[in-house]
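User: I have a chain open in the viewer and would like to talk through its fold. Could you start with the terms and then take me through it?

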Amino acid sequence: MLANGAKLGYKVPGGSESTYTDLPGLKEVPDLGVEKERVENTELTAKNKQYEYGIGDLGELTYKFKYENKSETSPYRVMRKYADDNTLLDFEETMADGTKTHFSGQVSVKRTGGAVNAAVEFELKIAVNSDFATVDPA
């Protein structure tokens with residue numbers, strides 16, 4: 001499956017909006033999932049080391065967007081305001097096949113540099129603050 005058609009939407013938890021507002025201009029989605037930490041837990045009588053999985057670190061997700069800042073509703077401007085206010089947001093990532101992933105987090109925004117014949121982008125980094133909840137397509 002191609003990444004084409006993927007979307008990222010947001011809403012403020014407990015806000016008046018019950019639906020997610022899509023952020024236009026999405027160019028790249030990050031890897032998504034949990035890698036649990038491998039913990040060594042060997043008994044003294046064991047011949048070899050033994051391991052089990054501990055908790056995961058969801059870390060930070062980086063989404064890349066087309067840079068555009070022409071209006072108050074531009075994703076760059078909207079997300080920059082939430083970053084400045086340290087607002088916790090709910091997110092919904094939707095893949096082309098209809099798979100949705102819900103999670104919460106705080107954002108930071110960085111505009112990337114540019115050069116001749118190179119597009120300027122902005123990166124939306126999300127410090128994940130919840131578990132991932134996946135909704136499979138019907």
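Analyst: A word on burial to begin with: a residue is called buried under 20% relative accessible area, exposed over 50%, and partly exposed in between, using a 1.4 Å probe and protein chains only. This is a predicted model, in which local features need pLDDT of at least 70 and side-chain atom pairs count only at pLDDT 80 or more, while totals for chains, interfaces and linings use all residues. Residues are numbered from 1 along each chain as its sequence is written, and side-chain values use heavy atoms, with hydrogens and water left out.

User: OK, so what percentage of the residues count as buried?

Analyst: Of the 138 residues in the protein chain, 28% are buried. The accessible surface, from the Shrake-Rupley method with a 1.4 Å probe and with only the protein chains shown counting as cover for residues, is about 9,300 Å², and carbon and sulfur atoms account for 45% of that surface.

User: And what radius of gyration does the chain have?

Analyst: The protein chain has 19 Å, whereas a compact globule of 138 residues would be near 14 Å; the radius is taken over C-alpha atoms, and the globule rule is 2.2 Å times the number of residues to the power 0.38. The C-alpha trace spans about 65 × 40 × 35 Å along its principal axes.

User: Which elements are there, and in what order?

Analyst: There are one helix and ten strands, and from the N terminus the order is β-β-β-β-β-β-α-β-β-β-β. Helices (H or I, at least four residues) and strands (E, at least two) are DSSP runs numbered from the N terminus.

User: Let's look at β7. Is it buried or exposed?

Analyst: Strand β7, residues 89-94, is mostly covered, with six of its six residues buried. In a regular strand the side chains alternate between the two faces of the sheet. In β7 both faces are covered, with Leu89, Phe91 and Glu93 buried on one side and Asp90, Glu92 and Thr94 buried on the other.

User: Which strand joins β7 through five bridges?

Analyst: That is strand β1, residues 7-11, which runs antiparallel to β7, and within this pairing Gly9 has Glu92 as its bridge partner. Two strands are said to pair if DSSP finds at least two bridges between them. β7 also pairs with β8 in the antiparallel sense, over six bridges, and there Phe91 has Phe103 of β8 as its bridge partner.

User: How many residues sit between the strands in the hairpin of β7 and β8?

Analyst: Five residues lie between them, and in this hairpin Gly98 takes a positive phi near 95°.

User: What about β9, how many of its residues are buried?

Analyst: Six of the eight residues of strand β9, residues 121-128, are buried, so the strand is largely enclosed by the rest of the structure. Strand β6, residues 60-66, is antiparallel to β9 and joined to it by seven bridges, with Phe65 opposite Phe122. β8 pairs with β9 as well, antiparallel and over seven bridges, and here Lys110 stands opposite Glu123.

User: Switching to single residues, what does Val107 touch?

Analyst: Val107 lies in strand β8, residues 100-111, and counts as buried because its relative accessibility is 8%. Not counting residues up to four places away in sequence, Val107 touches Met79, Tyr82, Ala83, Leu89, Phe91, Leu124, Lys125 and Ile126, where contact means heavy atoms within 4.5 Å.

User: Anything of interest in the loop between α1 and β7? Where is Thr87, for instance?

Analyst: Thr87 lies in that loop, which follows α1 (75-84), and Thr87 is buried, with a relative accessible area of 18%. Apart from neighbours within four places in sequence, Thr87 is in contact with Tyr82, Gly105 and Gln106. Asn86, in the loop between α1 and β7 as well, is exposed at 54% relative accessibility and has a positive phi of about 55° although it is not a glycine.

User: And what is phi of Asn117 near?

Analyst: Phi of Asn117 is near 55°, a positive value in a residue other than glycine. Asn117 is in the loop between β8 and β9 and is exposed, with a relative accessible area of 82%.
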